[in-house]
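Student: I would like to learn how to read the features of a protein model. Can we work through one together?

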Amino acid sequence: MLLTEFHYLYGNKAWDHAANKKFKQLCLEHHVRRGLLVADNNPWLMRRIVEMEFEAAVSMNDDISELNKAIDYILRAKETTPFVSSHLRASLSAARKRADTLSSREWEVVYLVAQGYSISEIAARKSRALSTVATQKHNAMKKLNVSNNSELIKYIHTAGMLK
């Protein structure tokens with residue numbers, strides 16, 4: 001059994017989708033089950049955590065009984081369905097509700113920002129007023145609970161929108 005902390009992996013510049021896939025395959029080949037501790041329950045990271053497909057994920061905000069359940073699950077379970085702690089399930093549900101409320105134009109602006117376009121370039125490209133594009137970006141950031149461009153871009157990458 002391997003237990004690691006999410007930010008240790010996520011903060012590693014070499015850690016990406018391909019590295020995660022290779023790591024998962026190596027663990028399967030050597031019969032190693034993986035557990036993930038998540039210190040930060042920021043909703044925009046939740047999808048990335050789920051995509052990593054660890055056998056168990058527990059929030060640091062859960063009580064110790066959730067960690068015990070996760071360890072027991074890792075050691076005994078033969079299922080392919082991962083264990084997700086109660087706090088993380090609640091965070092995932094909240095994130096889905098917020099992300100689903102973005103309008104198509106807000107998603108479009110967010111996507112173009114992540115591709116490196118400025119607000120003025122997006123406005124010109126989409127034939128919209130600069131203030132309209134700025135408002136759409138602002139509203140999307142508020143709904144996604146991100147406060148700056150780097151968090152927004154990180155959200156877009158972790159959500160897999162640029163694949």
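Tutor: Start with the nonpolar cores. This is a predicted model. Its largest nonpolar core has 16 residues.

Student: Which residues have the most contacts inside that core?

Tutor: Ile122, Leu144, Val146 and Leu152. Next, look at the elements behind it. H6, helix H7 (119-126), helix H8 (130-144) and helix H9 (149-158) each give two or more residues to this core. H6 gives the most, with 5 residues. Another core, of 10 residues, lies apart from it, and Phe6, Trp15, Leu36 and Phe54 are among its members.

Student: Which residues of helix H6 are buried?

Tutor: Helix H6 covers residues 104-114, and its buried residues are Glu106, Val109, Val110, Leu112, Val113 and Ala114. Then check the end of the helix. Glycine 116, just after H6, takes a positive phi of about 105 degrees.

Student: Which residues have a positive phi although they are not glycines?

Tutor: Histidine 31 is one of them, at about 55 degrees. Serine 127 is another, also at about 55 degrees. Place each one in the chain. Histidine 31 sits in the loop between H2 and strand S2 (34-38). Serine 127 sits in the loop between H7 and H8.

Student: Is histidine 31 buried or exposed? And is serine 127 buried or exposed?

Tutor: Use the relative accessible area; exposed means over 50%. Histidine 31 has 72%, so it is exposed. Serine 127 has 67%, so it counts as exposed too.

Student: How do I check the length of helix H2?

Tutor: Compare the expected span with the model. Helix H2 holds 13 residues (residues 17-29) and, at 1.5 Å a residue, should span 18 Å. Its end C-alpha atoms are 18 Å apart, so the two agree.

Student: Now charges. How many salt bridges are there?

Tutor: The count comes to 7. Read each one by its distance, its location and its burial. Arginine 34 and glutamate 55 meet through their side chains at 3.5 Å, N to O. Arginine 34 is in strand S2, and glutamate 55 is in the loop between helix H3 (43-51) and S3, so this pair ties together parts that are 21 residues apart in sequence. Both residues are buried.

Student: Where do arginine 76 and aspartate 72 lie?

Tutor: Both are in helix H4, 4 residues apart, which is about one turn of the helix. They form a salt bridge, with the closest N and O atoms 2.3 Å apart. Arginine 76 counts as exposed at 62% relative accessibility. Aspartate 72 is partly exposed, at 36%.

Student: Which parts of the chain does the pair of arginine 128 and glutamate 108 link?

Tutor: Take the contact before the location. Their side chains meet in a salt bridge at 2.2 Å, N to O. The pair links distant parts of the chain: arginine 128 is in the loop between H7 and H8, and glutamate 108 is in helix H6, 20 residues apart. Arginine 128 is buried, with a relative accessible area of 13%. Glutamate 108 is partly exposed, at 25%. Salt bridges with shared partners join Glu108, Lys126 and Arg128 into one network.

Student: What about a buried charge with no salt bridge?

Tutor: Aspartate 62 is such a case, and the nearest side chain of opposite charge, arginine 89, is 7.5 Å away. Aspartate 62 has a relative accessible area of 13%. Its place is the loop between strand S3 (56-59) and helix H4 (64-76).

Student: Which residues does aspartate 62 touch?

Tutor: Leaving out residues up to four places away in sequence, aspartate 62 touches Ser85, Ser86, His87 and Leu88. Now look for polar atoms. The aspartate 62 side chain makes polar contacts with the side chains of serine 85 at 2.3 Å and serine 86 at 3.3 Å. The same side chain reaches the backbone nitrogen of histidine 87 at 3.0 Å.

Student: One last residue. Is serine 150 buried or exposed?

Tutor: Serine 150 is exposed, with a relative accessible area of 51%. This serine belongs to helix H9. A polar contact of 2.8 Å joins its side chain to that of asparagine 148. Check sequence against space as well. Serine 150 and alanine 114 are 36 residues apart in sequence but 9.0 Å apart in space, C-alpha to C-alpha.

Key. Residues are numbered from 1 along each chain as its sequence is written. This is a predicted model: local features need pLDDT of at least 70, side-chain atom pairs count only at pLDDT 80 or more; totals for chains, interfaces and linings use all residues. Side-chain values use heavy atoms; hydrogens and water are left out. Buried means under 20% relative accessible area, exposed over 50%, partly exposed in between (1.4 Å probe, protein chains only). Contact means heavy atoms within 4.5 Å. A polar contact is a pair of N or O atoms within 3.5 Å; within protein, one must be able to donate a hydrogen and the other to accept it, and residues adjacent in sequence count only if both atoms are side-chain atoms. The expected span of a helix is 1.5 Å times one less than its number of residues. A nonpolar core is a set of buried Ala, Val, Leu, Ile, Met, Phe, Trp, Tyr and Cys residues joined through side-chain atoms within 4.5 Å. Lys and Arg count as positive and Asp and Glu as negative; His and the chain ends are not counted. A salt bridge is a side-chain nitrogen of Lys or Arg within 4 Å of a carboxyl oxygen of Asp or Glu.
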